[in-house]
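Got the sequence and the 3D view open? Let's take a quick tour of some charged pairs, some residues tucked inside, and one odd backbone angle.

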Amino acid sequence: MLENRDYTLIIDKSGSMATQDQKGGRSRWFAAQESTLALASKCEQFDPDGITIYLFSGKFKRYENVTSSIVGQIFRENDPSGTTDLAGVLKHATDDYLQRKAAGQTKPNGETILVITDGEPDDRKAVMKVIIETSRRIDRDEELAISFIQVGTDPQATRFLKVLDDELQSAGAKFDICDTITMEDMEDLSLSEVLLNAIND
């Protein structure tokens with residue numbers, strides 16, 4: 001299933017990602033870098049083109065064809081700061097998928113979008129709307145998967161991510177395309193292991 005599928009990684013670079021509450025006193029940003037490297041290395045085994053990465057706070061930057069060799073450089077060019085405009089970056093990533101699909105440029109097994117975030121988005125409703133509208137524009141459940149992975153322990157973020165996981169179909173989504181993983185779910189796994197489990201799922 002991992003083969004013939006595209007992977008997009010969306011990473012929160014809002015100010016709170018500098019918080020040092022990860023294993024060994026490391027920052028959330030450092031944990032995100034480590035797990036991005038693990039994901040890029042894994043994906044290279046079956047997709048030499050690399051993965052698409054977005055880094056977002058109030059604005060976002062998109063990097064295409066990212067392989068493990070350039071992950072370090074991307075993280076050196078960016079520092080955590082700003083707000084959490086998740087809706088804007090998610091809309092760009094899902095619209096990009098739908099445009100490629102319409103043009104016949106997507107992989108046969110579809111796409112997985114992984115979102116690493118630590119806080120509540122600036123606009124909850126806008127995030128829900130993007131996901132619901134996207135779900136109505138795909139043909140089958142497994143074609144597009146969006147996995148939210150929470151780093152840090154913000155209880156409001158946890159609650160919001162649970163809503164995305166459990167309540168979007170009742171709010172009008174055509175398919176349940178969202179899956180969320182919180183700190184509690186991770187138990188003793190590192191963020192890298194969680195990411196790799198999410199793509200194997």
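Here is a briefing on a few spots to look up, grouped by topic. Keep in mind that this is a predicted model.

**Salt bridges**

- Side chains of opposite charge can pair when their charged atoms come close.
- In this model, the count comes to 17 salt bridges.
- One of them pairs Asp21 with Arg28, with N and O 2.7 Å apart. Asp21 is partly exposed at 32% relative accessibility, whereas Arg28 is buried at 9%. Those labels follow because buried means under 20% relative accessible area, and partly exposed runs from there up to 50%.
- Arg62 and Glu64 also meet through their side chains, with an N to O distance of 3.2 Å. Both partners are partly exposed: Arg62 has a relative accessible area of 25%, and Glu64 has 48%.
- Then there's Glu143, which forms a salt bridge with Lys101, where the closest N and O atoms are 3.0 Å apart. Glu143 sits in the loop between α4 (124-135) and β5 (144-150), while Lys101 belongs to helix α3 (residues 86-102), so this pair ties together parts that are 42 residues apart in sequence.
- Is Glu143 buried or exposed? Glu143 is buried, with just 3% relative accessible area, while Lys101 is partly exposed at 23%.
- Some salt bridges share partners, and that links Asp6, Arg62, Glu64, Asp96, Arg100, Lys107 and Glu111 into one network.

**A patch of negative charge**

- Which residues gather in a patch of negative charge on the surface? They are Asp141, Asp166, Glu167 and Asp176.
- Asp166 is part of helix α5 (residues 155-166). With a relative accessible area of 57%, Asp166 counts as exposed, because exposed means over 50%.

**A buried lysine in a loop**

- Look for Lys13 in the loop between β1 (6-12) and α1 (28-46). Lys13 has 14% relative accessibility, so it counts as buried.
- Leaving out residues up to four places away in sequence, Lys13 touches Trp29, Leu55, Phe56, Ser57, Asn78, Asp79, Pro80 and Ser81.
- Take Phe56 from that list: Lys13 and Phe56 are 43 residues apart along the chain, yet their C-alpha atoms are separated by 5.5 Å.

**A buried isoleucine in a helix**

- Ile131 is in helix α4. Ile131 is buried, at a relative accessible area of 1%.
- What does Ile131 touch, not counting residues up to four places away in sequence? Its contacts are Leu90, Ile146, Phe148, Leu164, Leu168, Ile177 and Cys178.
- Asp176, from the negative patch, is 45 residues from Ile131 along the chain, and the C-alpha atoms of the two are separated by 9.5 Å.

**An odd backbone angle**

- Most residues other than glycine have a negative phi.
- Asn65 goes the other way: it isn't a glycine, but its phi is positive, at about 50°.
- You'll find Asn65 in strand β3 (residues 60-66), and it is partly exposed, with 47% relative accessibility.

Definitions and conventions. Residues are numbered from 1 along each chain as its sequence is written. This is a predicted model: local features need pLDDT of at least 70, side-chain atom pairs count only at pLDDT 80 or more; totals for chains, interfaces and linings use all residues. Side-chain values use heavy atoms; hydrogens and water are left out. Patches are made of residues with over 30% relative accessible area and no salt bridge: like charges are joined within 9 Å, nonpolar side chains (Val, Leu, Ile, Met, Phe, Trp, Tyr) within 5 Å. Accessible areas come from the Shrake-Rupley method with a 1.4 Å probe; for residues, only the protein chains shown count as cover. A salt bridge is a side-chain nitrogen of Lys or Arg within 4 Å of a carboxyl oxygen of Asp or Glu. Lys and Arg count as positive and Asp and Glu as negative; His and the chain ends are not counted. The place of a charge is taken as NZ of Lys, CZ of Arg, CG of Asp or CD of Glu. Helices (H or I, at least four residues) and strands (E, at least two) are DSSP runs, numbered from the N terminus. Buried means under 20% relative accessible area, exposed over 50%, partly exposed in between (1.4 Å probe, protein chains only). Contact means heavy atoms within 4.5 Å.
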